[in-house]
Amino acid sequence: MGRSLSLLILGSLLILLAVRSYVYFSGNKLSDGSKIEFEGRVTSQIKTNSFSQSFSLNYKGKRIFLNLPLRPTINYGDKLKTSGVIVLKKLDRGEIWVLEEPEIVFEKEKFSLLSPVYSFRSKVISVFKSYLPSDEASLLLGIVFGIKESFSEDFYEDLRTAGVLHVIAASGMNVSMLGALLAGFFGAFLKRQIAVLLTIFGIFVFTAIAGFEASIVRAAIMGTLAFSAQILGKQSWAFFGLLISGFLMLFVSPALLFDIGFQLSFSATLGLIYISPLIDKMFRFKKIPLVRFISEDANTTISAQIATLPIILSNFGNFSLFSVFANVLVLWTVPILMIIGGIVSIFAFFFEGFGIVLYLALPLLLYFKSVVELFGKFGGQLALSEFPWQLSIGYYLLILSIFARKIK
């Protein structure tokens with residue numbers, strides 16, 4: 001593809017997205033204190049305590065938070081019809097929409113294609129919690145599916161302080177590994193086109209189980225584009241795959257542009273595409289297995305953090321100084337844990353006793369937890385009360401100029 005044609009396509013997409021965003025935001029303004037009524041499906045984590053349960057629903061591209069009594073029980077995948085007064089509440093780091101005085105009605109469905117997926121998700125959570133301690137079960141659910149279930153407050157804070165919270169969020173790494181495993185499995189006894197179609201279906205199911213998180217939806221779209229290109233027998237460029245996936249997500253819901261998860265996943269992927277190769281050249285003696293092993297995890301972590309640093313500081317106000325070391329020590333366990341957790345999830349759905357295989361993952365989970373708790377005690381948080389947007393622009397222009405200089 002020529003440079004002129006690439007610029008023409010990019011310009012056309014930007015114009016189309018600008019028109020779509022104008023129409024979207026013009027017609028989807030929420031009014032603080034107004035009464036609303038809408039239907040939605042629960043695809044977010046449901047948090048419970050001794051008195052209530054809380055979750056969020058999507059309404060006009062925005063997340064609306066609800067806090068309800070423990071009865072009736074709300075489950076992942078439930079379709080609800082709700083009404084109430086919508087209120088904009090200001091928090092320390094941003095604003096959220098909350099539905100006060102909510103009235104809930106369950107919408108019954110004769111059949112839903114996603115019902116088996118929701119059932120599978122509930123069964124997996126139940127099996128993991130039956131065979132593993134609470135924090136270890138939650139850690140494995142987070143690593144495999146991005147499901148954040150029942151972390152103790154202390155361990156969750158240690159994950160944040162150590163800078164490895166991203167590991168329990170569904171990401172492009174999950175999709176890449178899943179796609180490779182499914183493609184290899186189906187490709188062993190089926191035609192390539194059929195194997196690829198089944199792989200794409202598997203990615204869709206995984207996306208539903210993970211809760212349609214912005215990062216995993218982006219990765220799933222990108223993975224689907226890549227595997228579709230295999231059917232057509234054409235090469236796919238990582239950048240254009242990311243560009244198209246981002247465009248499709250923003251075209252459907254322009255509000256995602258202000259979603260922190262979308263910003264982080266998109267920036268981190270750009271970092272892996274462009275910054276990672278530059279850092280890779282800095283590591284020498286990579287033929288030594290131990291050095292190559294350490295450099296790969298360090299490269300991944302450093303590249304993603306360079307690309308996302310302004311976003312992290314702007315939205316969270318802190319940054320872990322020891323996160324690179326913590327990530328190098330734990331990231332090597334992630335592929336192994338994903339394979340064990342994935343295999344158990346499939347077989348335990350049909351035979352719950354197969355969950356005993358999860359004990360194979362327990363030593364790695366205990367090791368992971370020990371490293372996180374160790375670095376959690378170190379602290380090492382760089383805290384800022386405010387990170388100006390002008391500084392963010394300057395930072396990315398500097399990164400862009402360094403990259404442009406290196407590729408000459």
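This passage walks through a few backbone details, two helices and a surface patch. The structure is a predicted model, and residues are named here by their place along the chain.

Two spots in the backbone are a good place to start. The peptide bond that leads from Arg71 to Pro72 is cis, with an omega near 0°. Pro72 sits in a loop, the one between strand 4 (62-69) and strand 5 (79-91). The other spot is Glu101, a residue other than glycine that nevertheless has a positive phi, near 55°. Glu101 belongs to strand 6, which covers residues 94-106. With a relative accessible area of 65%, Glu101 counts as exposed, because the cut-off for that label is over 50%.

Helix 3 offers a simple check on helix geometry. Twelve residues, 134-145, make up helix 3, and at 1.5 Å a residue they should span 16 Å. The C-alpha atoms at the ends of helix 3 are indeed 16 Å apart, in agreement with that value. Eleven of the twelve residues are buried, so helix 3 is largely enclosed by the rest of the structure. Among the buried residues are Asp135 and Glu136, as well as Leu139, Leu140, Leu141, Ile143, Val144 and Phe145. Just after helix 3 comes Gly146, with a positive phi near 75°.

Helix 13 makes a helpful second case. It runs over residues 362-378, 17 in number, and reaches 25 Å from its first C-alpha to its last, close to the expected 24 Å. The buried residues of helix 13 are Leu364, Leu365, Phe368, Lys369, Val371, Val372, Phe375 and Gly376. These residues cover an arc of only 160° around the axis, which means that they lie on the same side of helix 13. The spacing behind such a pattern is easy to picture: an α-helix has 3.6 residues a turn, so residues three or four places apart point the same way. On the face turned away from the buried side, helix 13 carries the exposed residues Pro363, Lys377 and Phe378. What do the buried residues of helix 13 pack against? Their partners are helix 3, helix 4 (153-162), helix 11 (323-330) and helix 12.

Helix 12, one of those partners, leads on to the surface. Ile346 lies in helix 12, which spans residues 333-348. At 49% relative accessibility, Ile346 counts as partly exposed. Together with Ile339, Ile343, Phe347, Phe350 and Phe351, Ile346 forms a nonpolar patch on the surface, and the accessible area of these residues together is about 660 Å².

Technical notes
Residues are numbered from 1 along each chain as its sequence is written. This is a predicted model: local features need pLDDT of at least 70, side-chain atom pairs count only at pLDDT 80 or more; totals for chains, interfaces and linings use all residues. Side-chain values use heavy atoms; hydrogens and water are left out. Helices (H or I, at least four residues) and strands (E, at least two) are DSSP runs, numbered from the N terminus. Buried means under 20% relative accessible area, exposed over 50%, partly exposed in between (1.4 Å probe, protein chains only). The expected span of a helix is 1.5 Å times one less than its number of residues. Patches are made of residues with over 30% relative accessible area and no salt bridge: like charges are joined within 9 Å, nonpolar side chains (Val, Leu, Ile, Met, Phe, Trp, Tyr) within 5 Å. Accessible areas come from the Shrake-Rupley method with a 1.4 Å probe; for residues, only the protein chains shown count as cover. A salt bridge is a side-chain nitrogen of Lys or Arg within 4 Å of a carboxyl oxygen of Asp or Glu. The arc is that of the directions from the helix axis to the C-beta atoms. Contact means heavy atoms within 4.5 Å.
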